[in-house]
Every structure is written in structure tokens, then in C-alpha cells.
Amino acid sequence: LRTSLLPFCPSQILDTAMAAENEAMLLRDIRNMNLEAYPKPSCGPDDVLVAMKSVGICGSDVHYWQHGEIGDFKMTGPMVIGHESAGEVVEVGANVTNCKVGDRVALEPGVPCDTCEQCKEGKYNLCPDIRFFATPPIHGSLQRYVAHPARFSFALPENVTTEMGAMCEPLSVGVYACEQKARVKPGHTVAVFGAGPIGTICSLVANGMEAGKIILCDINPERLEFVATLIPGLVTINTTGLDSAAVAAKIEEANGGKKVDSCIDCAGAEPVIQAAIYCTKNGGCVCLVGMGRPMMNVPLLNASCREVELQGVFRYRNTYPACIDLMATGKVDVKPLITHRFQFTQESMMQAFEACKSGKGKDGSNAIKCMINL
């Protein structure tokens, strides 16, 4: 039974030797989450069985813990949390050729159906039946053992740690946005809106892809200052109190009076998208990563008449090899983003979730990425 990719069944939790071998962080209800004995998954012929080593906590994990739902994804029963993960292969299925026991692997959390129109067109991230870690009713990876399809398990080179491997998941959003959607090229000027974790990652990826100038906008000066320590030559703009036209003007001023090649919105706010359209060059691209209100007022005619593309982003596809290469070659350094580390115990993991919820560690320092090590 590959429990990591199947809906929850109460009869699975038994006092058996199998359950004793595994433990999982199980979210049973809103704000009711505990480390419990959990069935150890079996390894199918096309799977690898992975002993988890590092699992990052994402904002969506915190949202399920606090609210039990995100949009149309609603919990209907207990669910193992976690989807940013890497570990060590301890068993391989009979048909597996790309992994071997002892390999350290990063796990891409979404497994598509392979039969729908989107999958056949290669757009597997849009598969309506995709099974994604810790998205109801699919169990996540914050457990000692996970069985996962080998084709979505990517070996890590020696200079990429399992913590870095777990960061492939959020890094994938940045790679997908920059490489496949905004189509960032060497020398391009890119404006990024939002200096939170994903905006920071998009800025790092754009820099790793040799963008000529990166302009980062936010209303939080501390965040802007932090990202500036990671990217030499980063231009930052504090947009506090500015309307969309004024923000666009500031960006163009920072770009020598010219509009930028592309914008990446990681905030999801209406004024941000307005400003992004205004400051993007004719024929350029505005990439929409942030999740905002379902209905917004945007200058659509402005975009249409200048052929400014609006590109949506939902998760990612075909990004893990690029993520691993960017980290292995040193073009992107994710280590400074891992600000707080925790252990696989009830007390320590609850501290991790509280830090992610508040944005602050117990010492008062800003929490960007909380990492749980097993």
C-alpha cells in the first residue's frame, strides 16, 4: 500500500510492526496535528522507498493546519502534511533504472495521471487528477518513509545536500516562472514584485540565469535589505504609499527610463499587477505567480494594445533537473534562505509551524524557510 499517495483510511493506523516502523506528522483537524505511528509504505515495481532526511515547511502546510482548506482543496479526513522533501533511497522497485539504494534524491511532489489531454500535451502540472503531496486527499512527506514513483525522484550530486534537495520544490516555482513563463534571457531586465520567499527565489533564479538587471519591489524594507545581501547589484524599490502608476514610473527610472523586458508578480495584489503591466515593454511578459483576489481591475486594454503577455503560473513542470543544476553549479545559493532548523519530534515540529505562521523564530529573527531534519 503506497500510503503516501493514497487518501486516508482509518483502518491503516494499526498497532502493527509496520506502523511501528514509521511515524508521520498527521493533521487530523484544524489546529490538531500530532506525530503518530503510521503505516510504512510498500515499494511498487516503478517506485523507490525513500527514508526522509529533510522536509521544508511551506505556507500551504501552515494554511491547512490553521484552516483545513485552500480554495477548492478541503480536508475530508486526516492528512499527513509536507511536500518539500528529499531523502535517501532504501529500496527500489523491480522496474527502476534511474535510482539505486543509497542515492540521495529530491522528490517532485506531483504525480499526474498520464492519460488526460494536459498530460499528453506535456502540461502535466495542469492535470486535473494530479496527486500532489499534502493536497487533500493525498498524504504528504513529513514522515520517516515515503514510497514515490522513481521518475519523479531526482538524484542529488555530492555537493547538493538533502536540505538543498528539499528546496527544489520552492525553487521550481522560480525556475518555471523565469525560464518557461517570463522567458528570462541573459542581459534582460526583470522586475519582481514581492520580497517574500517566492519573490526572493524568483530574484535568485533570474540572477542565476544572468539577467542584466533585477528590480525588486516590496513595502517591507527589512525584506528588501535581506535580498540585496544575496544578489550583487540588485535594485530595490520600497513602494510604500505609491500607486501603480508611480511604482511603474520608479521602475522605469531605475531602468534608465526604459520599460523592463518582463515582470514577475509574487504578491497577487491588484495595484501590483497594474504596475507590472504599465512598466513592461511592448511585447514583453507579465508572469502571475502571486495568488490574489479572484476578480481584479487591471489595464487590460493597455496590455492588449502593446501585446504585453499575461502568463499564469500553477506550480511547475520539468524543473527539478534545472533546479539541481543551478544549485550544483553555484548559480543559485538557497542555503541563506534556510533560516531555522528543527528536529522530527512533536515539540520541535510544532515550533517550526509556529515560526512559519508568525514569520519569526523563538529568538525573534525572521523566518524565511523552516527545515525539519530527520
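Let's start with the residues around the second largest pocket: 8 of the lining residues are nonpolar, 2 are polar and 2 are charged. Here Ala, Val, Leu, Ile, Met, Phe, Trp, Tyr, Cys and Pro count as nonpolar, Asp, Glu, Lys and Arg as charged, and the others, Gly among them, as polar. This is a predicted model, so local features need pLDDT of at least 70 and side-chain atom pairs count only at pLDDT 80 or more, while totals for chains, interfaces and linings use all residues. Residues are numbered from 1 along each chain as its sequence is written, and side-chain values use heavy atoms, with hydrogens and water left out.

Which residues line this second largest pocket? They are D265, I273, L288, G290, M291, G292, R293, P294, M295, M296, V298 and L310. The pocket has a volume of about 300 Å³. On a 1 Å grid over the protein atoms alone, a pocket is an open set of points with protein on both sides within 12 Å along at least five of seven lines, a cavity is a set where a 1.4 Å probe fits but cannot get out, and lining residues have an atom within 4 Å of a point. Points are joined across faces, edges and corners, and a volume is the space filled by probe spheres set on them.

How many cavities of 30 Å³ or more does the structure hold? The answer is 1. The largest cavity has about 30 Å³ of space, and E108, G110, Y124, N125, I130, F132, R315 and Y316 form its lining. By type, that lining has 4 nonpolar, 2 polar and 2 charged residues.

Now to the sheets, please find β14 on your screens. One open sheet has 6 strands in the order β15-β14-β13-β16-β17-β18, with parallel pairing. Strands are DSSP runs of E with at least two residues, helices are runs of H or I with at least four, and both are numbered from the N terminus. Two strands pair if DSSP finds at least two bridges between them. Why do β15 and β18 (309-312) each have one side without a neighbour in the sheet? Both stand at the edges, and each has a single partner strand, so one side of each is left free of a neighbouring strand. On average, and with direction ignored, neighbouring strands in this sheet are turned by 20° against each other.

Strand β14 covers residues 213-218, and 5 of its 6 residues are buried, so the rest of the structure largely encloses this strand. Buried means under 20% relative accessible area, exposed means over 50%, and partly exposed is in between, with a 1.4 Å probe and protein chains only. Strand β13 (residues 189-193) pairs with β14 in the parallel sense over 5 bridges, and V192 stands opposite L216 in β14. β14 also pairs with β15 in the parallel sense, this time over 4 bridges, with I215 opposite V235 in β15.

Helix α6 (residues 197-208) packs on this sheet, touching β13, β14 and β16, and its direction makes about 175° with that of β14. Angles run from 0 to 180 degrees between N-to-C directions, and axes are lines fitted to C-alpha atoms, for helices over the stretch in contact. Contact itself means heavy atoms within 4.5 Å. Helix α5 (residues 168-181) lies across β16 (260-265), β17 (280-288) and β18, at about 155° to β17.

Let's zoom in on T280, which is in strand β17. Is T280 buried or exposed? T280 is buried, because its relative accessible area is 0%. V260 is 20 residues from T280 in sequence, and their C-alpha atoms are 5.0 Å apart in space. Not counting residues up to four places away in sequence, T280 touches several others, including V260, C263, C285 and V308.

Another threonine, T239, sits in the loop between β15 (235-238) and α8 (244-254). T239 is buried, with a relative accessible area of 13%. Leaving aside its neighbours within four places in sequence, T239 is in contact with C217, D218, I219 and V247.

Before we finish, here is another sheet. This open sheet has 3 strands in the order β2-β1-β6, with antiparallel pairing. Its edge strands, β2 (32-37) and β6 (79-80), each pair on one side only. Strand β1 (residues 23-29) runs antiparallel to β6, and 2 bridges join them. L27 stands opposite M79 in β6. Helix α12 (residues 346-358) packs on this sheet and touches β1 and β2, with its direction at about 145° to that of β2.
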